[in-house]
Amino acid sequence: MSTESRSPEQCLEEGKKYLAAGYPAEAVESLQDACAILAEEYGQTAPELAEPYYLYGKALLELARSQSTVLGSGIPVPNKSSDSSDDEGDDEDAPETNGTNEATPSTVSSTTNIGETPGPSTGNEREAPGPSTGNEGEAPGPSTANEGEAPGPSTANEGEASGSNDTNEGEEDESDLKLAWEILELARVICQKQNGEENKLKLSDVQLVLAEVSLENDQSDEAIADLNSCLQIRELFLEPHDRRLAEVHFNLGLAYILSKQPDLAISHFSSAKTVLVKRRELLDGEMRGAEVSEERKMAIKEEVSEITALLPDIKVKISDTQEMKRMVEDKENQTLAGESAVLLLISLNQPQTFLI
């Protein structure tokens, strides 16, 4: 898509709306354009690129997830004509809509609706942001990168086949995750150079999505390191009832399950539950206040309902992890018992030597 007629702010806002509406492919395209324009104007590691890189990396992660989900379950692709222009909610307490039974890192995320059906995706390899190469007057639509083309927004090849085999699509998913990691690393580098609460919290956002990429790649150690750093920042600046803390704790629970550390997983799932309970209690108290507008009451009721729906799923996670721990311990005990029996039989069959 040509970026000559659009400002980076327009591309950025459009990408946010696509991401909020569940159209990661279109979000990737718009955010790639925004990053390309800003990188050309300010340089690839300028502070102005921190937020666009973060959103671009997040969109790439969601695109990889949506492609995997569609291929794996045959979920129908929604009609592009559906309303996707609603502004993304920026409330720090806006919850995710998917259930915690799914092993997705952002199950209690406060930023996106990952459970929404993904929109149509381009499935084509993308490149890191750079000067735009879009053709002037080109019709808007999903873009694809030509091999050897300079980094930046890409253009579709005429006559390109509309479908591809599962192997190629799997490779494209990996490419999206790889590019997401590279873009998010750029965002991390920029945020680490900035001071102040806002920039530190943005760094924690970047670390969280980097951890999600690591979890998608089954890299639990990397995910745990980023999540612990993210948690340290958020505990420093956020209130104990802030749902963004629950988000990190829940993802740490998933990461520790992946690394076969059930005790730590249970601890963090329990912490996520504690944060949500505190949040609900705070909202209940606010609802009983004398001066609460009707609009605020509606918002409180909606959030309380969402938290109430999330808590049983977290309890199931705790219960499942405890059961997994018991099964592992039983297996270890059986193995030890078997080894002890073998050693006993061996000792009984050995000649005994007595000291007189």
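**Figure 1. Salt bridges across the predicted model.** By the rule used here, the count comes to 20 salt bridges. Please keep in mind, as you look around, that this is a predicted model. Side chains of opposite charge can pair when their charged atoms come close. Several of these pairs get a view of their own below.

**Figure 2. The whole chain, built from helices.** Before zooming in, here is the overall plan. The chain has nine helices and zero strands, so reading along the sequence gives the pattern α-α-α-α-α-α-α-α-α. Of the 356 residues in the chain, 44% are buried. The chain exposes about 18500 Å², and carbon and sulfur atoms supply 50% of that area. Among contacts between residues at least 6 apart in sequence, 68% join residues at least 24 apart.

**Figure 3. Helix 1, residues 8-21.** This helix has 14 residues, which should span 20 Å at 1.5 Å a residue, and its end C-alpha atoms are indeed 20 Å apart. Which residues of helix 1 are buried? They are Pro-8, Cys-11, Leu-12, Gly-15, Tyr-18, Leu-19, Ala-20 and Ala-21. Just past the end of the helix, look for Gly-22, which follows helix 1 and has a positive phi, near 90 degrees.

**Figure 4. Helix 2, residues 24-42.** Helix 2 has 19 residues, and the distance from its first C-alpha to its last is 26 Å, close to the 27 Å expected at 1.5 Å a residue. Because 16 of its 19 residues are buried, helix 2 is largely enclosed by the rest of the structure. Gly-43 follows helix 2, and its phi is positive, near 105 degrees.

**Figure 5. Leu-38 and its surroundings.** Leu-38 is one of the residues in helix 2. Is it buried or exposed? With 8% relative accessibility, Leu-38 counts as buried. Setting aside neighbours within four places in sequence, its contacts are Pro-8, Gly-43, Glu-48, Leu-49 and Pro-52. Two of these names may be familiar: Pro-8 is among the buried residues of helix 1, and Gly-43 follows helix 2. Leu-38 can also be compared with Glu-9: the two are 29 residues apart in sequence, and their C-alpha atoms are 9.5 Å apart in space.

**Figure 6. A salt bridge within helix 4, between Lys-178 and Glu-182.** The side chains of Lys-178 and Glu-182 meet in a salt bridge of 2.6 Å, N to O. Both residues lie in helix 4 (residues 166-192), four residues apart, which is about one turn of the helix. An α-helix has 3.6 residues a turn, so residues three or four places apart point the same way. Lys-178 is exposed, with a relative accessible area of 53%, while Glu-182 is partly exposed at 30%.

**Figure 7. A salt bridge from helix 4 to helix 6, between Arg-188 and Asp-226.** Here the side chains of Arg-188 and Asp-226 meet in a salt bridge of 3.0 Å, N to O. Arg-188 lies in helix 4 and Asp-226 in helix 6 (residues 220-237), so the pair ties together parts that are 38 residues apart in sequence. Both partners are on the buried side of the 20% cut-off: Arg-188 has a relative accessible area of 13%, and Asp-226 has 11%.

**Figure 8. A salt bridge from helix 6 to helix 5, and its network.** The side chains of Arg-234 and Asp-205 meet in a salt bridge of 2.7 Å, N to O. Since Arg-234 lies in helix 6 and Asp-205 in helix 5 (residues 197-216), the pair ties together parts that are 29 residues apart in sequence. Arg-234 is buried, with a relative accessible area of 2%, and Asp-205 also counts as buried, at 16%. Which residues are linked in a network of salt bridges with Arg-234 and Asp-205? Glu-51, Lys-202 and Glu-247 are linked with them.

**Figure 9. Glu-303 in helix 9.** The last stop is Glu-303, found in helix 9 (residues 294-348). With a relative accessibility of 6%, Glu-303 counts as buried. What does its side chain make a polar contact with? The partner is the side chain of Arg-279, at 2.9 Å.

Note on methods: Residues are numbered from 1 along each chain as its sequence is written. This is a predicted model: local features need pLDDT of at least 70, side-chain atom pairs count only at pLDDT 80 or more; totals for chains, interfaces and linings use all residues. Side-chain values use heavy atoms; hydrogens and water are left out. Helices (H or I, at least four residues) and strands (E, at least two) are DSSP runs, numbered from the N terminus. The expected span of a helix is 1.5 Å times one less than its number of residues. Buried means under 20% relative accessible area, exposed over 50%, partly exposed in between (1.4 Å probe, protein chains only). A polar contact is a pair of N or O atoms within 3.5 Å; within protein, one must be able to donate a hydrogen and the other to accept it, and residues adjacent in sequence count only if both atoms are side-chain atoms. Contact means heavy atoms within 4.5 Å. Accessible areas come from the Shrake-Rupley method with a 1.4 Å probe; for residues, only the protein chains shown count as cover. A salt bridge is a side-chain nitrogen of Lys or Arg within 4 Å of a carboxyl oxygen of Asp or Glu.
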